[in-house]
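Me: I'd like to go through a protein model with you, one question at a time. Can you walk me through the reasoning as well as the answers?

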Amino acid sequence: MNRTVSLFHLCRAGLAGPGPLPPALTSARSYCSRVKVRSYFKFLKNKIIAPPGPPYGHVCQVGDPVLRAPAAAVDPAVIPGPEVQRVISTMVTVMRKLECVGMSAPQVGVPLRIMAMEYPQKMFDETSPAGRKARGLSVQPLRVFINPQVKVLDGRTASFQEACESISGFSASVPRYLSVEVSGLNERGEAVTWRASGWCARIVQHEMDHLDGVLYVDRMNSKTFINIHWQEHNE
């Protein structure tokens with residue numbers, strides 16, 4: 001067993017907790033006719049070729065226990081090491097591949113307190129001037145925070161439609177504080193602090209929630225929860 005396995009796989013092994021799952025979660029029957037059952041071919045394939053382990057090159061979806069457990073703090077001494085650097089690199093790669101503006105380590109299957117965010121020029125240019133002003137958008141370079149702590153600077157809130165790659169295909173209106181300060185360590189283990197406002201403050205709060213096992217659906221206005229492709233289903 002290599003160190004990567006011991007750090008990530010064993011960390012994930014304890015997420016589900018002791019004892020068997022409740023019958024409702026293990027029953028072959030379901031009230032939903034669209035539940036996918038793993039094929040026998042895939043079962044045999046995984047017996048022959050071990051499935052990939054974290055950090056994944058994809059985003060974990062709601063239902064994965066890693067998204068609902070508080071992430072563990074990172075020992076600052078191991079930040080320069082290959083394991084943590086691989087996690088950060090994977091997070092950034094996945095974030096940019098999916099063209100999203102934030103990513104947390106739990107979303108790639110690693111229950112560690114690491115988050116990254118970036119608002120690229122291309123995405124900014126694709127938003128109308130009115131949209132930029134309403135949401136408080138600004139171009140932001142890549143920022144990585146390890147063991148972050150967040151302090152609210154402006155207790156007023158604003159609600160906007162928010163989505164998440166871990167709840168793919170849906171969005172809802174979520175209230176967030178207007179301004180926050182985030183501090184922690186960067187990818188080199190250096191202490192950093194950033195005051196974020198507008199949409200950047202929203203990204204910080206969204207990713208910080210991931211590190212605490214919280215999803216935006218826990219904070220949303222439930223009546224605004226939508227399938228972003230709902231119109232296509234009526235065409």
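What follows is a set of questions and answers on this predicted model.

Me: Let's start with the overall layout. Which pattern do the helices and strands follow along the sequence?
Reply: The protein has 8 helices and 6 strands. Reading along the sequence, you get α-α-α-α-β-β-α-α-β-β-β-α-β-α.

Me: What percentage of the residues is buried?
Reply: A residue goes down as buried when its relative accessible area is under 20%. The protein has 235 residues, and the buried share of them is 39%.

Me: Now the largest pocket. Which element gives the largest share of its lining?
Reply: The largest pocket holds about 700 Å³ of space. Its lining takes in 31 residues, and those closest to the centre are Cys100, Val101, Ala163, Cys164 and Trp199. Strand S1 (102-104), helix H6 (129-135), strand S3 (140-163), strand S4 (170-185) and helix H7 (199-211) each put in at least two residues. The largest share, 6 residues, comes from H7.

Me: How many residues of each class are in the lining of the largest pocket?
Reply: Here Cys and Pro count as nonpolar, and Gly counts as polar. Sorted that way, the lining of the largest pocket has 14 nonpolar, 11 polar and 6 charged residues.

Me: What about enclosed space: what volume does the largest cavity have?
Reply: Rolling a probe the size of a water molecule over the atoms shows where empty space is left. For a cavity of 30 Å³ or more, the count in this structure is 1. The volume of the largest cavity is about 50 Å³.

Me: Which elements each supply at least two residues of the lining of the largest cavity?
Reply: The lining residues are Val101, Met117, Glu118, Tyr119, Gln140, Pro141, Arg143, Trp194, Cys200 and Ile203. By class, that lining has 7 nonpolar, 1 polar and 2 charged residues. The elements that each supply at least two of the lining residues are strand S2 (114-119), S3 and H7.

Me: On to salt bridges. How far apart in sequence are the parts that Asp218 and Arg68 tie together?
Reply: There are 14 salt bridges in the structure. In one of them, the side chains of Asp218 and Arg68 meet at 2.5 Å, N to O. Asp218 sits in the loop between H7 and S6 and Arg68 in the loop between H3 and H4, so the parts this pair ties together are apart in sequence by 150 residues.

Me: Are Asp218 and Arg68 buried, partly exposed or exposed?
Reply: Partly exposed runs between the buried cut-off, under 20%, and the exposed one, over 50%. Asp218 has 44% relative accessibility, so Asp218 falls in that middle class. Arg68 is at 39%, so Arg68 also counts as partly exposed.

Me: Is Glu162, which meets Arg202 in a salt bridge, buried or exposed?
Reply: The side chains of Glu162 and Arg202 come together at 2.7 Å, N to O. Glu162 is in strand S3 and Arg202 in helix H7, so the bridge ties together parts that are 40 residues apart in sequence. Arg202 has 5% relative accessibility, so Arg202 counts as buried. Glu162 has a relative accessible area of 5%, which makes Glu162 buried.

Me: Which residues are linked with Glu162 in a network of salt bridges?
Reply: Glu162 pairs with Arg202 in a salt bridge. The network links Glu162 with Arg176, Arg202, Asp209 and Arg219.

Me: And is Arg188, which meets Glu187 in a salt bridge, buried or exposed?
Reply: The side chains of Arg188 and Glu187 meet at 3.5 Å, N to O. Glu187 is partly exposed, with a relative accessible area of 26%. Arg188 has 53% relative accessibility, so Arg188 counts as exposed.

Me: Which residues form a nonpolar patch on the surface?
Reply: One member, Ile228, lies in the loop between strand S6 (226-227) and helix H8 (230-233). Ile228 counts as partly exposed because its relative accessibility is 45%. The patch has about 280 Å² of accessible area together, and its residues are Ile226, Ile228 and Trp230.

Me: Last one: how far apart in space are Val62 and Glu165?
Reply: Val62 is in the loop between helix H3 (40-48) and helix H4 (82-97). At 47% relative accessibility, Val62 counts as partly exposed. Val62 and Glu165 are 103 residues apart in sequence, and their C-alpha to C-alpha separation in space is 9.4 Å.

Conventions
Residues numbered from 1 in each chain as written. Predicted model: local features only at pLDDT ≥ 70, side-chain atom pairs only at ≥ 80, totals over all residues. Heavy atoms only, no water. Patch = residues over 30% accessible without salt bridge, like charges linked within 9 Å, V, L, I, M, F, W, Y side chains within 5 Å. Areas by Shrake-Rupley, 256 points an atom, 1.4 Å probe, with all protein chains shown as cover. Salt bridge = Lys/Arg side-chain N within 4 Å of Asp/Glu carboxyl O. Helix = DSSP H or I, 4+ residues; strand = E, 2+ residues; numbered from the N terminus. Buried < 20%, exposed > 50% of the residue type's maximum accessible area, 1.4 Å probe, protein only. 1 Å grid on protein atoms, 1.4 Å probe; cavity = no way out; pocket = protein on both sides within 12 Å on 5 of 7 lines; lining within 4 Å. Points joined across faces, edges and corners; volume = space filled by probe spheres on them.
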